[in-house]
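These are my notebook entries on one structure, taken in the order in which I looked things up. I begin with a pocket and then turn to surface, charge pairs and backbone.

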Amino acid sequence: MSAANVVISGLGLWTPEHSISNEELVESYNAYAEKYNAENATSIEAGDLTAKPLSTAAFIEKASGIKSRYVYIKDGILDPDRMMPNIPLRAEDELSNQAEIAVIAARKAMAAAKKEGKDIDAVIVSCAYTQRYYPAIAIEVQKELGIEGFGFDMLVACSAATFGLQRAYEMVTAGTAKCVLCINPELTSPGNNFRDRDSHFIFGDVATATIVESAETCQGEHSYDILGTKTVTTFSNNIRANIGYMVNVNQDNPYAEHNFFHQQGRKVFKEVCPMAAKHISDHLEETGVANTNVKRWFLHQANINMNVLIAKKLLGRDPEPGEAPIVLDTYANTASAGSLIALNLHHEDMVAGDHSVVCSFGAGYSIGSLVLRKR
Ligand code: CO8
């Protein structure tokens with residue numbers, strides 16, 4: 001099967017009903033920091049502990065472009081005595097939290113692609129974290145949606161969504177699946193350290209879903225030829241979260257800072273921007289599409305300054321409004337889902353023949369891209 005025979009035929013997006021503004025987040029963080037500093041005044045004065053610095057909404061918006069973020073559960077996050085979402089443990093016979101949000105996004109993508117469970121034969125759940133190791137969330141989703149065939153979970157942090165789409169593309173190309181449901185239930189808030197001034201503002205929750213199938217069976221109103229996919233990874237410790245199943249045998253504290261998301265943000269910015277710009281340029285060249293022939297750039301949503309810089313490197317000028325859509329002002333960084341939120345919200349006005357690029361970049365480091373053409 002040639003490259004242009006595999007298509008994206010449906011997109012779905014679940015946006016949580018709760019959001020938190022920078023101002024709300026900063027007020028609760030500062031209350032927590034002031035309380036911590038007052039309670040530990042003696043140790044801080046003696047130099048045994050470091051005082052918690054205060055956060056500002058103005059810094060957050062200027063440094064990242066983020067104004068607010070959506071969260072699955074708001075309760076608990078803004079409580080200075082808790083600083084994490086209050087998500088009750090579910091019984092084993094209840095739908096898991098991630099399967100719940102995955103199914104909502106999946107149903108939207110299936111409706112857009114005009115598919116029912118019986119039409120799909122593979123499910124990929126790819127995201128930055130899964131809430132348990134097994135059974136796979138994808139298999140739970142598969143049962144919930146009445147899908148036969150197989151499902152599996154995969155983790156590639158910020159690039160889980162694009163890497164998942166590449167797997168789907170390869171499966172349809174190879175004939176091991178006919179129609180693949182790819183879902184990215186990015187429940188980031190449990191892994192975000194709301195007690196850390198440098199990262200408390202970065203992440204939001206969301207779920208995106210995409211149907212990948214053969215052009216022969218495609219019935220979606222808005223569909224896209226996948227002209228090519230390209231992925232690369234280079235090991236870096238600059239973005240890490242250490243939490244895992246060894247936490248008990250290590251006799252480690254699950255609430256220790258190193259178990260939450262933590263990063264060297266400046267280094268990430270400096271190292272990833274040129275890598276991502278080169279990756280996209282190379283991919284376009286390999287696909288035979290000129291940069292000047294790309295209508296829309298659906299870039300990873302981690303930092304607005306990163307997106308502007310990468311778009312500038314690719315275009316040799318500032319991007320026009322809407323050319324490289326930004327969604328992180330309201331969604332914040334949603335791990336691997338950012339570029340797909342942008343695609344979900346800004347694709348319908350493209351016309352047949354328009355080229356676009358979807359690209360993720362971040363932890364790993366990992367970079368993944370797809371070159372698309374509207375049908
Ligand atoms: N309020 C006020 N001041 C602050 C704050 C704050 N909240 N935070 C930092 N400052 C201060 C610092 O102390 C510093 O002060 P000084 O100059 O006196 O030392 C000053 O502001 C500048 O600080 P930084 O150098 O840290 O700030 P930057 O301008 O570099 O901006 C960013 C910080 C926004 C983090 C920026 O570096 C950035 O965006 N880098 C790229 C980040 C990135 O792409 N990360 C990838 C994220 S990973 C991913 O996308 C998925 C991971 C998996 C999901 C995990 C889910 C939980």
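Entry 1, the second largest pocket. I take a pocket to be an open set of grid points with protein on both sides within 12 Å along at least five of seven lines. The model is predicted, and I read every entry below with that in mind. I asked how much space lies in the second largest pocket, and the computed value is about 930 Å³. The lining of this pocket comprises 37 residues, of which Ile 202, Gln 263, Gly 265, Arg 266 and Asn 303 are the closest to its centre. By class, I noted 15 nonpolar, 15 polar and seven charged residues in the lining.

I then looked up which elements contribute to the lining. At least two residues each come from α3 (57-64), β9 (239-240), β10 (262-263), α7 (265-287), α8 (304-315) and β12 (355-362). Helix α7 gives the most, with five residues.

Entry 2, a nonpolar patch. On the surface I found a nonpolar patch formed by Tyr 133, Tyr 134, Tyr 245, Met 246 and Val 249. Together these residues have about 690 Å² of accessible area. Tyr 133 sits in the loop between β4 (122-127) and α5 (137-144). I recorded a relative accessible area of 54% for Tyr 133, so this residue counts as exposed.

Entry 3, salt bridges. How many salt bridges does the structure hold? The count is 18, and I examined three of them. As background, I noted that side chains of opposite charge can pair when their charged atoms come close.

The first pair is Lys 35 with Asp 81, a side-chain salt bridge at 2.6 Å, N to O. Lys 35 belongs to helix α1 (residues 22-39) and Asp 81 to the loop between β3 (68-71) and α4 (97-113), so the bridge ties together parts that are 46 residues apart in sequence. Lys 35 is partly exposed at 37% relative accessibility, whereas Asp 81 is exposed at 57%. I also noted that Lys 35, Glu 39 and Asp 81 are linked in a network of salt bridges.

The second pair is Arg 296 with Asp 349, where the closest N and O atoms are 2.8 Å apart. This pair links distant parts of the chain, with Arg 296 in strand β11 (residues 294-299) and Asp 349 in the loop between α10 (338-345) and β12, 53 residues apart. Is each partner buried or exposed? Arg 296 has 9% relative accessibility, which is under 20%, and therefore counts as buried. Asp 349, at 52%, is over the 50% limit and counts as exposed.

The third pair is Arg 197 with Asp 198, whose side chains meet in a salt bridge at 2.9 Å, N to O. Arg 197 is partly exposed, at 30% relative accessibility.

Entry 4, cis peptide bonds. I looked up the bond from Tyr 134 to Pro 135 and found it cis, with omega near -5°. Pro 135 is placed in the loop between β4 and α5, and Tyr 134 is one of the residues of the nonpolar patch in Entry 2. A cis peptide bond also joins Gly 364 and Tyr 365, with omega about -10°. Tyr 365 lies in the loop between β12 and β13 (366-374).

Entry 5, positive phi. Gln 251 is not a glycine, yet I found a positive phi of about 50°. Gln 251 lies in the loop between β9 and β10 and is exposed, at 75% relative accessibility. Ala 335 likewise has a positive phi, near 55°. The place of Ala 335 is the loop between α9 (328-331) and α10, where this residue is buried at 5% relative accessibility.

Entry 6, two separations. Ala 58 and Ala 105 are 47 residues apart in sequence and 33 Å apart in space, C-alpha to C-alpha. Ala 58 is found in helix α3 and is exposed, at 59% relative accessibility. For Val 141 and Asp 282 I recorded 141 residues in sequence and 36 Å in space, again C-alpha to C-alpha. Val 141 is found in helix α5 and is buried, with a relative accessible area of 0%.

Definitions and conventions
Residues numbered from 1 in each chain as written. Predicted model: local features only at pLDDT ≥ 70, side-chain atom pairs only at ≥ 80, totals over all residues. Heavy atoms only, no water. 1 Å grid on protein atoms, 1.4 Å probe; cavity = no way out; pocket = protein on both sides within 12 Å on 5 of 7 lines; lining within 4 Å. Points joined across faces, edges and corners; volume = space filled by probe spheres on them. Helix = DSSP H or I, 4+ residues; strand = E, 2+ residues; numbered from the N terminus. Nonpolar A, V, L, I, M, F, W, Y, C, P; charged D, E, K, R; others polar. Patch = residues over 30% accessible without salt bridge, like charges linked within 9 Å, V, L, I, M, F, W, Y side chains within 5 Å. Areas by Shrake-Rupley, 256 points an atom, 1.4 Å probe, with all protein chains shown as cover. Salt bridge = Lys/Arg side-chain N within 4 Å of Asp/Glu carboxyl O. Buried < 20%, exposed > 50% of the residue type's maximum accessible area, 1.4 Å probe, protein only.
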